[in-house]
Every structure is written in structure tokens, then in C-alpha cells.
Amino acid sequence: MGERLKPDTHLSMTQEWFAEIWNGKKNIEYRKVCPRYKRFANWVCDDRPRFIMLYIGMMPTGPRLLIQVKKTEIGPCPIPGFNGPHYCIHFDVVQPYMFDHGTYFPMMNMPKMKKGGKGKKK
């Protein structure tokens with residue numbers, strides 16, 4: 001049965017980074033320090049549990065990942081080309097979900113996800 005979730009915020013990302021998190025290879029999300037992400041400023045040095053629902057781009061019915069924030073800090077992003085200060089959001093994946101008819105359904109047996117990218121046209 002589905003569950004009604006109330007995460008603190010939702011974040012959109014590319015399929016490549018979503019797949020890295022889905023497959024357990026990424027556990028820190030970087031977001032540039034800017035007015036769009038000002039809510040994260042209140043999370044720095046805050047020990048309250050926070051939850052974020054991650055999703056791919058603008059996929060209204062795609063997979064979701066509920067993550068629990070362990071720590072938020074401000075620092076540099078190690079990915080080349082991303083300059084300036086970034087919010088470094090350390091997290092644990094709580095549960096993968098599928099979305100259907102307005103309800104999130106937990107996925108018990110999580111399949112591996114392929115990385116996104118442009119495929120070759122035949």
C-alpha cells in the first residue's frame with residue numbers, strides 16, 4: 001500500500017546523478033549557494049532530521065528516492081567546472097519509491113538503474 005510522504009523539500013537531478021545515488025555510489029549532493037537553495041542555509045549546523053525526495057528532471061511518474069540528511073555544510077564542489085561555494089548535503093538513502101496516481105509506493109526489490117545518456121539512433 002502507498003504512503004503519504006511529507007519530505008522537507010524535493011530536488012530534481014539528471015538521470016546520471018540519480019543513478020549514482022540509486023546504485024549506492026553517491027552519498028553527497030552539491031547545490032550552489034544561491035537564493036534558489038536558501039532553505040539549505042538553515043540546515044547548516046542543524047541537527048534536526050531532514051528528508052528530501054529526489055527525482056529525475058521533470059518526470060511526473062518516474063522513480064523517487066527518499067533520503068535523510070545527515071549533515072549539511074558549505075564548501076567547494078569537487079566536480080570540475082563547478083566553482084564557488086556549494087551546500088554539501090551528506091545523506092543516507094531511506095527508501096526508493098515509485099509514484100502512481102498521486103501516491104508513492106515503496107519498492108522492496110530495487111533493480112539497478114542504468115546511467116542516462118544519449119543513445120545511438122538506428
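**Notes on a predicted chain**

I will start with Cys45, which sits in the loop between strand 2 and strand 3. Helices here are DSSP runs of H or I with at least four residues, strands are runs of E with at least two, and both are numbered from the N terminus. The model is predicted, so to speak of local features we require pLDDT of at least 70, and side-chain atom pairs count only at pLDDT 80 or more, while totals for chains, interfaces and linings use all residues. Residue numbers run from 1 along each chain as its sequence is written, and side-chain values use heavy atoms, with hydrogens and water left out.

Back to Cys45. What is phi of Cys45? Phi is near 65°, a positive value in a residue other than glycine. For context, most residues other than glycine have a negative phi. Cys45 counts as exposed, at 77% relative accessibility. Exposed means over 50% relative accessible area, buried means under 20%, and partly exposed lies in between, with a 1.4 Å probe and protein chains only. A positive phi also turns up at Gly24, which follows helix 1 and has a value near 80°.

Now the overall layout. The chain holds one helix and six strands, and along the sequence they come in the pattern β-α-β-β-β-β-β. Of its 122 residues, 37% count as buried. Among contacts with a separation of 6 or more, 66% join residues 24 or more positions apart; contact means heavy atoms within 4.5 Å. In helix 1, Phe18, Ala19, Glu20, Ile21 and Trp22 are buried.

Next, the core. Which residues touch the most other members of the largest nonpolar core? That core has 17 residues, and the ones in question are Phe18, Phe40, Ile52 and Leu54. The elements giving it two or more residues are strand 1 (9–13), helix 1 (15–22), strand 3 (50–56), strand 4 and strand 5. A nonpolar core is a set of buried Ala, Val, Leu, Ile, Met, Phe, Trp, Tyr and Cys residues joined through side-chain atoms within 4.5 Å.

Phe40 is worth a look by itself. Setting aside neighbours within four places in sequence, Phe40 is in contact with Thr9, Leu11, Arg31, Ile52, Thr72, Tyr87 and Ile89.

From the other side of one of those contacts, Thr72 belongs to strand 4 and counts as buried, at 6% relative accessibility. Not counting residues up to four places away, Thr72 touches Phe40, Trp43, Val44, Cys45, Tyr87, Cys88 and Ile89. That list includes Cys45, the residue I began with.

Val69 is also found in strand 4, and Val69 is buried as well, at 10% relative accessibility. How far apart are the C-alpha atoms of Val69 and Phe91? They are separated by 4.3 Å, although the residues are 22 apart along the chain. Beyond four places in sequence, Val69 contacts Trp43, Arg50, Ile52, Ile89, His90 and Phe91.

Last topic, salt bridges. A search of the whole structure gives six. The criterion is a side-chain nitrogen of Lys or Arg within 4 Å of a carboxyl oxygen of Asp or Glu.

I will take three of the pairs, beginning with Asp92 and Lys70, whose side chains meet at 3.7 Å, N to O. Asp92 lies in strand 5 (residues 85–100) and Lys70 in strand 4 (residues 63–76), so this pair ties together parts 22 residues apart in sequence. Asp92 is partly exposed, with a relative accessible area of 40%, and Lys70 is exposed at 54%.

The second pair is Asp46 and Arg48, with the closest N and O atoms 3.8 Å apart. Here Asp46 is partly exposed, with a relative accessible area of 25%, while Arg48 is exposed at 53%.

The third pair is Lys26 and Glu29, at 2.6 Å, N to O. Are these two residues buried or exposed? Both Lys26 and Glu29 are buried. They also belong to a network of salt bridges that takes in Arg31. Arg31 is, in turn, one of the residues in contact with Phe40, a member of the largest nonpolar core.
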